[in-house]
Amino acid sequence: MKKATVTISFDEERLSALKMYMEQKNVKLEDELEKAIENLYTKNVPAGVRGFIDMKYNPKIEAAARQIKKKHSFSSAVGATAPSDDKTDTVGE
């Protein structure tokens, strides 16, 4: 999947302090921002749309989805008859 670049503005002194304290914890700002945007994506984009995008850009997921669809395919009810029991209804016997 092609990556896009996101640019935001943030107070320079606050950013400097944030980087300094994150470095002390061996945490990368970019990694945390990626997690945050991924959480925003998951929270705001409907699951069906996320699934479609995943299938569109990941052939392995698309193949797995086709396998699941084959296993769980439902036939049309048009022209189908209701299942019958071997028992017959007899009234008055």
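Which residues lie nearest the centre of the largest pocket? Among the 21 residues that line this pocket, Ala4, Val6, Leu33, Glu34 and Ile37 lie nearest its centre.

**View 1. Confidence along the predicted model.** This is a predicted model, in which local features need pLDDT of at least 70 and side-chain atom pairs count only at pLDDT 80 or more, while totals for chains, interfaces and linings use all residues. Residues are numbered from 1 along each chain as its sequence is written, and side-chain values use heavy atoms, with hydrogens and water left out. The protein averages a pLDDT (the predictor's confidence in each residue, from 0 to 100) of 82, and 63% of the residues score at least 70. Among the elements, helix H1 (residues 12–24) has the highest mean pLDDT, 98, and helix H4 (residues 59–71) the lowest, 66; helices here are DSSP runs of H or I with at least four residues, numbered from the N terminus.

**View 2. The lining of the largest pocket.** About 990 Å³ of space lies in this pocket, a pocket being an open set of points on a 1 Å grid over the protein atoms alone, where a 1.4 Å probe fits, with protein on both sides within 12 Å along at least five of seven lines, and lining residues having an atom within 4 Å of a point. The volume is the space filled by probe spheres set on the points. H1, H2 and helix H3 (47–57) each give two or more residues to the lining, and H2 gives the most, with nine residues.

**View 3. Asn26 in a loop.** Asn26 is placed in the loop between H1 and helix H2 (29–44), and its phi is near 55°, a positive value in a residue other than glycine.
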